[in-house]
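Let's take a walk through a chain that may be new to you. Have a look at the picture first, and then we'll go from the overall outline down to single residues.

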Amino acid sequence: MVDLKDLKGYSRIGKPILCPAHPAEELRLFCEFCDRPVCRDCVVGEHREHPYDFTSNVIHKHGDSVRELLKGTQPHVEALEEALAQIKIMNSALQKRVEVVAADVRTFSEGYIKAIEEHRDKLLKQLEDIRVQKENSLQLQKAQLEQLLADMRTGVEFTEHLLTSGSDLEILITKGVVVERLRKLNKVEYSTRPGVNDKIHFCPQEKAGQCHGYVIYGTINTKEVDPAKCVLQGEDLHRAREKQTASFTLLCKDAAGEIMGRGGDNIRVAIVPNEKKDSPVRTMVQDNKDGTYYISYTPKEPGVYTVWVCVKEQHVQLVS
Ligand SMILES: [Zn+2]
Ligand SMILES: [Zn+2]
């Protein structure tokens, strides 16, 4: 394909154009066979016996065919210009859309960050409340125990002093009061263990509802599993078909009977055939992270099985 720019020289109007092969001759003729302008020397030389004519005679024929082709090219020019205009429009639409979406992303993220920060402050406040509550409870217990210890010491010291330093008569006179006092002290009930514990968990994966329309996660959990309150649920606790997977659910609850709402407790399961106590069935425990545990097993043979489920090394009651 010839670059049209190279042909620009031919369009210089009025100026004679000389033959490149014969620089003394003008290109006035047109070789029909080679389809190009030639000079007088050409038609007797290289183009001998080729049909030719004066350029002024053939221009109409060739001009018309070029015009005909031009008609086919013109719509392409328009279509391409239109396509470029569309690209320009699309490019500016793209820029605007990107700005709009970027603004949406920023608004959403800033809102989310605010919601998370608000939730963080709420959690820290909740943690502080728990600390205060537990600390107050410990302070109260401490005060009560200190009072009791002081009473005990007084009682012990007084009695020891009486017994070592008192006269027989003094001992006999005070005996009644002392005995009553010591008996009372010996009967006082008190707990030797702290009344509260430090069981506080942060559960980052637990849903914490919504804050300004954003779903947020992370809760503080102070519940402690109480094996006595845990229950097992499911049909397959009582019967299971051989070679078919059976399952049941363990619900872990705290001392108040409320479901734990978090996973991570130490669960041990053993399912043992009553006939073959030394070959327990393989079991799977799936922590559902919400205080429930999915337990499945596949008995190899028909028979009666005993299900043992231990939470914190204590057996869970089988409740039907
Ligand atoms: Zn020539
Ligand atoms: Zn020719």
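What follows starts with the whole chain and then moves in on its cores and one hairpin.

Keep in mind that this is a predicted model. The chain has three helices and 12 strands. Its radius of gyration is 51 Å, well over the 20 Å that the globule rule gives for 320 residues, so the chain is more spread out than a compact globule. You can see that in the box its C-alpha atoms fill, roughly 165 × 60 × 35 Å along the principal axes. Just 9% of the 320 residues count as buried. Still, among contacts with a separation of 6 or more, 52% link residues 24 or more positions apart.

Now for the inside. The largest nonpolar core has 19 residues, and Cys230, Leu250 and Cys252 are the ones touching the most other members. Strands β7 (246–251), β8 (267–273), β10 and β11 (305–311) each chip in at least two residues, with β11 giving the most, four. Zoom in on Leu250: setting aside neighbours within four places in sequence, its contacts include Cys230, Leu232, Ile267, Tyr293, Ile295 and Val309. There's also a second, separate core of seven residues, with Phe30, Val38, Cys39 and Tyr52 among them.

Finally, back to β10, this time for its pairing. Strand β9 (residues 283–287) runs antiparallel to β10 (residues 292–297), and five bridges join the two. One partnership to look for is Gln286 with Tyr294 of β10. Between these strands, the hairpin has four residues, and Lys289 takes a positive phi near 65 degrees there.

Technical notes
Residues numbered from 1 in each chain as written. Chains lettered and ligands numbered in written order. Predicted model: local features only at pLDDT ≥ 70, side-chain atom pairs only at ≥ 80, totals over all residues. Pairing = 2+ DSSP bridges. Core = buried A, V, L, I, M, F, W, Y, C linked by C-beta atoms within 7 Å. Buried ≥ 20, exposed ≤ 12 C-beta atoms within 10 Å, placed from the backbone. Contact = placed C-beta atoms within 7 Å. Rg over C-alpha atoms; globule rule 2.2 N^0.38 Å.
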